[in-house]
Amino acid sequence: MESAITVKGQATIPKAIREHLRLKPGDRVKFFVHPDGTVVLKSRNRRPVTVAEMATAIAAEGATGVTPRKRHR
């Protein structure tokens with residue numbers, strides 16, 4: 001995939017990449033330049049999560065991939 005650079009130095013992130021990184025308008029991204037000249041784009045999307053969303057994620061079967069241990073009394 002490629003994107004053209006505008007006169008303002010801006011580029012559009014292709015839709016497939018935005019979807020892969022789950023980017024929405026207003027999200028921020030970070031660029032890393034490696035010694036070999038490659039550049040990595042990373043999502044800085046850290047959307048706040050509600051307690052209800054956390055509970056749903058925890059309750060989802062296989063969410064942790066760990067079987068809960070039974071407590072012995």
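# Questions on this chain

Me: Leaving aside neighbours within four places in sequence, which residues is Ala11 in contact with?
Reply: Keep in mind that this is a predicted model. Ala11 sits in the segment before helix 1. Once the neighbours within four places are set aside, its contacts are Ser3, Ala4 and Ile5.

Me: Is Ala11 exposed, partly exposed or buried?
Reply: Buried would need a relative accessible area under 20%, and exposed one over 50%. Ala11 comes in at 45%, so the label that fits is partly exposed.

Me: In what order do the elements run from the N terminus on?
Reply: The chain has two helices and two strands to arrange. Reading from the N terminus, you get α-β-β-α.

Me: What share of the residues in the chain is buried?
Reply: The chain exposes about 7,500 Å², and carbon and sulfur atoms supply 56% of that. The cut-off for buried is under 20% relative accessible area. Out of the 73 residues, the share that counts as buried is 1%.

Me: And how much of the contacts with a separation of 6 or more comes from residues 24 or more positions apart?
Reply: Take the contacts in the chain whose separation is 6 or more, then pick out those between residues 24 or more positions apart. What they account for is 5%.

Me: Which side chains meet in a salt bridge?
Reply: The count for the model comes to one salt bridge. It has an N to O distance of 3.8 Å, which falls within the 4 Å cut-off. Both partners are exposed, and they are Lys15 and Glu19.

Me: Why are Lys15 and Glu19 separated by about one helical turn?
Reply: Both of them belong to helix 1, which covers residues 15–21. The separation is about one helical turn because of their spacing in that helix, namely four residues apart.

Me: What is phi of Arg22 near?
Reply: Arg22 is in the loop between helix 1 and strand 1, and it counts as exposed because its relative accessibility is 64%. Its phi is positive even though the residue is something other than glycine. The value is near 55°.

Me: Which residues does Asn45 touch, not counting those up to four places away in sequence?
Reply: Asn45 is in the loop between strand 2 (39–43) and helix 2 (51–59). With a relative accessible area of 31%, Asn45 is partly exposed. Skip the residues up to four places away, and the ones it touches are Arg22, Asp27 and Arg28.

Me: What separates the C-alpha atoms of Asn45 and Leu23?
Reply: Along the chain, Asn45 and Leu23 are 22 residues apart. In space, the distance from one C-alpha to the other is 7.2 Å.

Me: Which residues gather in the patch of positive charge?
Reply: Lys30 is a handy one to start from, as it lies in strand 1 (residues 29–33). A patch residue needs over 30% relative accessible area, and Lys30, at 40%, counts as partly exposed. The full surface patch is Arg28, Lys30, Lys42 and Arg44.

Me: How much accessible area does the nonpolar patch have together?
Reply: Its members are Phe31, Val33 and Val39. Val33 has its place in strand 1 and counts as exposed because its relative accessible area is 65%. Together the three have about 340 Å².

Terms used: Residues are numbered from 1 along each chain as its sequence is written. This is a predicted model: local features need pLDDT of at least 70, side-chain atom pairs count only at pLDDT 80 or more; totals for chains, interfaces and linings use all residues. Side-chain values use heavy atoms; hydrogens and water are left out. Buried means under 20% relative accessible area, exposed over 50%, partly exposed in between (1.4 Å probe, protein chains only). Contact means heavy atoms within 4.5 Å. Accessible areas come from the Shrake-Rupley method with a 1.4 Å probe; for residues, only the protein chains shown count as cover. Patches are made of residues with over 30% relative accessible area and no salt bridge: like charges are joined within 9 Å, nonpolar side chains (Val, Leu, Ile, Met, Phe, Trp, Tyr) within 5 Å. Lys and Arg count as positive and Asp and Glu as negative; His and the chain ends are not counted. The place of a charge is taken as NZ of Lys, CZ of Arg, CG of Asp or CD of Glu.
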